[in-house]
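User: Hello! I am new to this structure and would like to know what stands behind the terms people use for it. Could you take me through them one by one?

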Amino acid sequence: MTNVVNNAVINPLLKEKFPFVSNYFETLINNDLQRFPQSIVFEGLDIIGQYMFSMELARILNCTKDVKKPDCDCINCSWIRDVKHPSVNIVSPINFKDDASKTVISINQAKKVTSSLRETSDYHRVFIFCDAQVKERNADETDRIDEYKRLSTGFPEENWTPMPLNTKVFKAEASNSLLKSIEEPPKRTTFIFLTQNREDLISTIVSRSNVFKLTASVKGKSNVSSIDFKILLRNYPDLNIQDALEIAGEIEAEIKSSGIDIFDFLNEFQEYALSFLRGDVNNDTAFNLFNSHIRLIQKAKRRLKTSMNAKVVLESLFLDIAQCGGKNGI
């Protein structure tokens, strides 16, 4: 017999940002909960959005009301928003662990997860895997968190910020020790992994998971994906000052002529830079270079929000990228 939950509703803010994935999970929960994935990989640039979406799924799966509204005040929904629910656990280098190390998700943590699954539970258990830091947040992190304030979902502690997983934080040894639990978990158990890209996890975890790209919906007047970045951003990432100024001018003209929203363009540019980062993930110098480009793009978006002139923002962005030195210095 199909297990059905009536009237599960994902928060409208998340549905607006991630319509496809929201509709998918809402439909699945409302029609056939038995098919809910035992393991999920989220990928994309918005790790804070991934965290919020994961907590929202955990909330709906554990809500005690017949209608699982976004503003539900049942004890489970309240616990999850306060990050105090006994069966919704964040697994990171600084969470869900007993040892003092704060650099990796350890084999001991993986064993702790496996051990906890031997105990029976009346709840739907959710384990959210991510990297994390407790530090003063930068401007971009603060902006991202502000976007989700309406959800009223908290963090494990003050200044705690989720970060994407990679194989340096979640090494193969710890990952492999979880494989059996991921493949054959107890009923009502879900693992969620927060990443920039699925390739940042070992392939055996990805093959046992449902992968979803959490990308914000495009609001531009035309399809930004029609832009050929390889042509428009010629020589990238090896730009000189002349390249930078010419490219900034051409992009400004392209945006004006096509009606593309400049924020949508910058989001796609982030994805383009991220594709280079993925290709050099094991090269620390290259990784740092493209990571710096992504931060510069985020800085450009903040400048636009202050009503700074688009031409000035684009010129500043590409001049800053040119000054990073490109791959010739790698």
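**Salt bridges and the parts they tie together**

Analyst: Happy to. Let us begin with a pair of charged side chains: Glu 147 forms a salt bridge with Lys 17, their closest N and O atoms being 2.8 Å apart. This is a predicted model, in which local features need pLDDT of at least 70 and side-chain atom pairs count only at pLDDT 80 or more, while totals for chains, interfaces and linings use all residues. Residues are numbered from 1 along each chain as its sequence is written, and side-chain values use heavy atoms, with hydrogens and water left out.

User: Why is the contact of Glu 147 with Lys 17 called a salt bridge?

Analyst: The term asks for a side-chain nitrogen of Lys or Arg within 4 Å of a carboxyl oxygen of Asp or Glu. For Glu 147 and Lys 17 the value is 2.8 Å, so the pair meets the rule. By this rule the count comes to 16 salt bridges.

User: What does the pair of Glu 147 and Lys 17 tie together?

Analyst: Glu 147 lies in helix α6 (residues 139-147) and Lys 17 in helix α1 (residues 12-17), so the salt bridge ties together parts that are 130 residues apart in sequence. Helices (H or I, at least four residues) and strands (E, at least two) are DSSP runs, numbered from the N terminus. Lys 17, Glu 147 and Lys 305 are also linked in a network of salt bridges.

User: How do you know whether Glu 43 is buried or exposed?

Analyst: Buried means under 20% relative accessible area, exposed over 50%, and partly exposed in between (1.4 Å probe, protein chains only). Glu 43 has 5% relative accessibility, so this residue counts as buried. Glu 43 forms a salt bridge with Arg 198, with the closest N and O atoms 2.7 Å apart. Glu 43 lies in strand β1 (residues 39-43) and Arg 198 in the loop between β6 (189-195) and α9 (203-207), so this pair ties together parts that are 155 residues apart in sequence. Arg 198 is partly exposed, at 37%.

User: What about Arg 144 and Asp 46: which term fits their contact?

Analyst: Their side chains meet in a salt bridge, at 3.2 Å from N to O. Arg 144 belongs to helix α6 and Asp 46 to the loop between β1 and α3 (47-62), so the pair ties together parts 98 residues apart in sequence. Arg 144 counts as buried at 12%, and Asp 46 is buried at 11%.

**Cysteines**

User: How many disulfides are there?

Analyst: A disulfide is a pair of cysteine sulfur atoms within 2.5 Å, and by this rule the count comes to zero. Take Cys 74: the nearest cysteine sulfur, that of Cys 77, is 3.6 Å away, and Cys 74 is in no disulfide. Cys 74 is buried, with a relative accessible area of 5%.

**The sheet**

User: What makes β1 and β6 a pair?

Analyst: Two strands pair if DSSP finds at least two bridges between them. β1 and β6 have five bridges, in the parallel sense, so they qualify. One of the facing pairs is Ile 40 with Ile 192 in β6; another is Glu 43, opposite Thr 195 in β6. Four bridges join β1 to β7, and these two strands run parallel. There, Phe 42 stands opposite Phe 212 in β7.

User: In which order do the strands of the open sheet come?

Analyst: The five strands are ordered β2-β3-β6-β1-β7, with parallel pairing. β2 (88-91) and β7 (210-213) are the edge strands, since each pairs on one side only.

User: Why is β1 described as largely enclosed?

Analyst: Five of the five residues of β1 are buried, so the strand is largely enclosed by the rest of the structure. Ser 39, Val 41 and Glu 43 point one way from β1, and Ile 40 and Phe 42 the other way. That fits a broader pattern: in a regular strand the side chains alternate between the two faces of the sheet.

**Two packed helices**

User: At what angle do α6 and helix α13 pack?

Analyst: α6 and helix α13 (residues 284-305) pack at about 60°, with their axes 10 Å apart. Axes are lines fitted to C-alpha atoms, for helices over the stretch in contact, and angles run from 0 to 180 degrees between N-to-C directions. The contact (heavy atoms within 4.5 Å) includes Arg 144 and Glu 147 of α6 and Lys 305 of α13.
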